[in-house]
Amino acid sequence: MPKFFNSKYEQEAGNIYTVGGIVINISDNLQFKPAFVTQTNSAVNLAYDVSANFQFYKRIWIGGYYKSINSTGGIVQWTGFKNFRIGYVVDYNLNDIRKFNYLTHELILSYAVNNLFPKFL
């Protein structure tokens, strides 16, 4: 929220996040990656996201997620080159807004530049 708006929510809300996940090697070519995110503040009791992804041959991701704020969806992603990824996400609303916005589609294009620069400690 931009700082030029004064709202009760902005003055009271201090977000606290918890993030976790694990990589489970099922075989040499298959990994299972469950994860979660929680958010709490003075305005929202608790919101959480849980996801489960499978990674095949360290190149293809397929998974799904659930958001406690009433949506669920799926993701497919391909890592074609060392730093480049392309993916597709579909989000399905579970609340009354689905009457107006049934599905949301996202196309992901990602390029990681962290491999272009040396790492400094």
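This report describes the overall fold of a predicted protein model and then turns to three of its residues.

## Overall architecture

The secondary structure of this predicted model consists of one helix and eight strands, and these elements follow one another along the sequence in the pattern α-β-β-β-β-β-β-β-β.

## Surface and contacts

Of the 121 residues in the protein, 21% are buried, while the accessible surface amounts to about 9300 Å², with carbon and sulfur atoms accounting for 61% of that area. When contacts between residues at least 6 apart in sequence are considered, 20% of them join residues that are at least 24 apart.

## Ser 71 in strand S6

Ser 71 lies in strand S6, which covers residues 71–79. Because its relative accessibility is 6%, Ser 71 counts as buried, the cut-off for that class being under 20%. Leaving aside residues up to four places away in sequence, Ser 71 is in contact with Tyr 66, Asp 91, Tyr 92, Asn 93 and Leu 94.

## The loop between S4 and S5

Strand S4 (47–56) and strand S5 (60–67) are joined by a loop in which Tyr 57 is found, and Lys 58 also belongs to the loop between S4 and S5. Tyr 57 has a positive phi of about 55° although it is not a glycine, and for Lys 58, likewise a residue other than glycine, phi is positive and near 55°.

With regard to solvent, Tyr 57 is classed as exposed because its relative accessible area is 57%, and Lys 58 counts as exposed because its relative accessibility is 56%; the class requires a value over 50%.

Methods. Residues numbered from 1 in each chain as written. Predicted model: local features only at pLDDT ≥ 70, side-chain atom pairs only at ≥ 80, totals over all residues. Heavy atoms only, no water. Helix = DSSP H or I, 4+ residues; strand = E, 2+ residues; numbered from the N terminus. Buried < 20%, exposed > 50% of the residue type's maximum accessible area, 1.4 Å probe, protein only. Contact = heavy atoms within 4.5 Å. Areas by Shrake-Rupley, 256 points an atom, 1.4 Å probe, with all protein chains shown as cover.
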